[in-house]
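Reader: I'm new to this one, so could you walk me slowly through a single part of it? Pick a stretch where the strands sit together and tell me how it is put together.

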Amino acid sequence: MHFRQCVAPAQRLYSPAMPKFDNLDLIVRDVPAAVAFFEAVVGLEVRVSDDNFAELDSGDVTIMLSPAALVPVRPVSGVILHFQVDDVRELLERARSLGVEVLMEPTRTDWGTESALIAGPEELVIDFYRWVGPHASA
């Protein structure tokens, strides 16, 4: 059953306050390899790490890595993680020097960013971007 089928458009399932999104749990087959990637390539700080679980500090959102969830799920795929950075080219060169596959060289987007895409662990795509023009929603 899809969400639209079970809830009328005017109904709310939560309080009027907007919920805070502060954790993202990525299901990965190899937690230590994913931790090494995010630490070395992206520059995230590791809070906790072992073979079955890790927490990475990425500012307002904690990225958690684990090989399983409390409910049956498949490993992550088809997800793009966007990291706002000061210097897209610097992060891209760091990734390249570490042997990471570059999927897209720095490109100016129609929505006002300079963006470069690299291959992450477990079929993730990592976007390093910075604003270079007006934000489309501004």
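Author: Sure, and a quick bit of background before we zoom in. This is a predicted model, and its protein chain exposes about 9,200 Å², with carbon and sulfur atoms supplying 53% of that. Of the 138 residues in the chain, 33% are buried. You'll find 3 helices and 8 strands, and from the N terminus on they run α-β-α-β-β-β-β-α-β-β-β.

The part I'd like you to look at is the end of that run, with strand β7 in the middle of the story. Strand β7 covers residues 113–119, and 6 of its 7 residues are buried, so the strand is largely enclosed by the rest of the structure. Buried here means under 20% relative accessible area.

Now look at who pairs with β7. On the one hand there's strand β6, residues 102–108, which pairs with β7 in the antiparallel sense over 4 bridges. If you want a spot to check by eye, find R108: it stands opposite E114 in β7. These two strands make a hairpin with 4 residues between them, and G112 there takes a positive phi near 95°.

On the other hand there's strand β8, residues 125–131, which is joined to β7 by 7 bridges and also runs antiparallel to it. Here the pair to look for is L117 and D127, with D127 sitting in β8 opposite L117. Strands β7 and β8 form a hairpin too, this time with 5 residues between them. In that turn, E122 has a positive phi of about 55°.

What holds such neighbours together? Strands of a sheet pair through backbone hydrogen bonds, either parallel or antiparallel.

For the parallel kind, hop back along the chain to an open sheet of 4 strands, ordered β1-β4-β3-β2, with mixed pairing. Its edge strands are β1 (23–27) and β2 (45–49), each of which pairs on one side only. Neighbouring strands in this sheet are turned by 20° against each other on average, direction ignored. Strand β1 runs parallel to β4 (residues 62–66), and 5 bridges join the two; within that pairing, D25 has M64 in β4 as its bridge partner. Helix α2 (residues 31–42) lies across β2, β3 (54–57) and β4, running at about 150° to β4.

So much for the detour; if you go back to one thing, make it β7, with β6 paired to it over 4 bridges and β8 joined to it by 7.

Definitions and conventions. Residues are numbered from 1 along each chain as its sequence is written. This is a predicted model: local features need pLDDT of at least 70, side-chain atom pairs count only at pLDDT 80 or more; totals for chains, interfaces and linings use all residues. Side-chain values use heavy atoms; hydrogens and water are left out. Two strands pair if DSSP finds at least two bridges between them. Axes are lines fitted to C-alpha atoms, for helices over the stretch in contact, and angles run from 0 to 180 degrees between N-to-C directions. Contact means heavy atoms within 4.5 Å. Buried means under 20% relative accessible area, exposed over 50%, partly exposed in between (1.4 Å probe, protein chains only). Accessible areas come from the Shrake-Rupley method with a 1.4 Å probe; for residues, only the protein chains shown count as cover.
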